[in-house]
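The following report looks at one structure, moving from its backbone outliers to a helix, the core and a ligand site. Please read it alongside the sequence and the coordinates.

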Amino acid sequence: SKIKEVEFVKSSIRAKDCPRDTRPEFAMLGRSNVGKSSLINALCRKKEVALTSKKPGKTQLINHFLVNKGWYIVDLPGYGHDPALQRFANAPEAARMDWSAFTKGYFLNRETLVAVLLLIDASVPPQKIDLDCANWLGRNNTPITFVFTKCDKMKGGKGKRPDENIRDFQEAMRQNYPEHPPWIMTSSSTGLGRDELLLHMSQLRNY
Ligand code: GTP
Ligand code: MG
């Protein structure tokens, strides 16, 4: 299940511009700044396959990466971030996506989509927008795997620990998903969960 080769294929502005291909793909979805691009780099053990930033809103297009010439990882722009509030946005206006049009166009029509990796920041309490997103995908029968990110961020004092935030999130999820989707704890800083996630994706591809 190791990544031997990764190749950037294309940036698309709309679902209909995505590569026409039959090879399976996984989409990285989650709030801006949750660590989608960083996780792709961690999986590939490379620093700059996908571009990352401290500022939210870095990824502005649908980016397809072909792995081992056999399957795709798709890096997506984050949700929950208003580009109008972003003073130093460097992407041109036209390149910014209409997120809701995108969700419809991509998630509902991408036949090769094996699963959505829904990234959840384990260093903060459960966020309504993440629960809403999971529920939307569930209603539309899109398979998801929860990937908890930033599990290396241990809060001393007032904040809760990542494992406590994850437990709270799962508690909130159970109201809508009686059977909790698969979930994995990760850190792009330490490599936690990387092998587990790669193995999980290879199992999903072979179903
Ligand atoms: P958008 O492209 O804006 O949607 O964001 P993104 O989800 O791709 O986030 P990105 O990978 O650019 O990471 C955002 C910030 O979080 C960067 O400063 C990363 O270094 C940091 N970060 C990402 N993953 C981790 C992690 O596992 N641990 C820690 N401590 N920081 C992380
Ligand atoms: Mg990104």
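## Exposure and positive phi

A residue is called buried if 20 or more other C-beta atoms lie within 10 Å of its own, exposed if 12 or fewer, and partly exposed in between, with C-beta atoms placed from the backbone. This is a predicted model, in which local features need pLDDT of at least 70 and side-chain atom pairs count only at pLDDT 80 or more, while totals for chains, interfaces and linings use all residues. Residues are numbered from 1 along each chain as its sequence is written, and chains are lettered from A and ligands numbered from 1 in the order in which they are written.

Most residues other than glycine have a negative phi. R45, in the loop between α1 and β3 (62-67), has instead a positive phi near 55°, and it counts as exposed because it has 12 C-beta neighbours inside 10 Å. N68, in the loop between β3 and β4 (71-75), likewise has a positive phi, of about 50°, and N68 counts as exposed with 12 C-beta neighbours inside 10 Å. Helices (H or I, at least four residues) and strands (E, at least two) are DSSP runs, numbered from the N terminus.

## Helix α3

Helix α3 comprises 12 residues, 128-139, and its end C-alpha atoms are 16 Å apart, in agreement with the 16 Å expected at 1.5 Å a residue, where the expected span is 1.5 Å times one less than the number of residues. Its buried residues are D130, C133 and A134. Seen down the axis of α3, these fall within an arc of 95°, so they line one face of the helix, the arc being that of the directions from the helix axis to the C-beta atoms.

The cover over the buried residues of α3 includes β5 (113-121), β6 (144-149) and α4 (162-173), with contact meaning C-beta atoms, placed from the backbone, within 7 Å. On the other side of α3, K128, I129, W136 and R139 are exposed. N141, which follows α3, has a positive phi near 55°.

## Nonpolar core

The largest nonpolar core, a set of buried Ala, Val, Leu, Ile, Met, Phe, Trp, Tyr and Cys residues joined through C-beta atoms within 7 Å, has 38 residues, and M28, L117, L118 and L119 have the most contacts inside it. Strand β5 gives the most to this core, with 6 residues.

## Ligand 1

Ligand 1 is surrounded by 24 residues, of which G35, S38, T52, T59 and G78 are the closest; a residue is near the ligand if its C-beta atom, placed from the backbone, lies within 6 Å of it. Helix α1 (residues 36-44) gives the most to this shell, with 3 residues.

Note on methods. Two residues are in contact if their C-beta atoms, placed from the backbone, lie within 7 Å.
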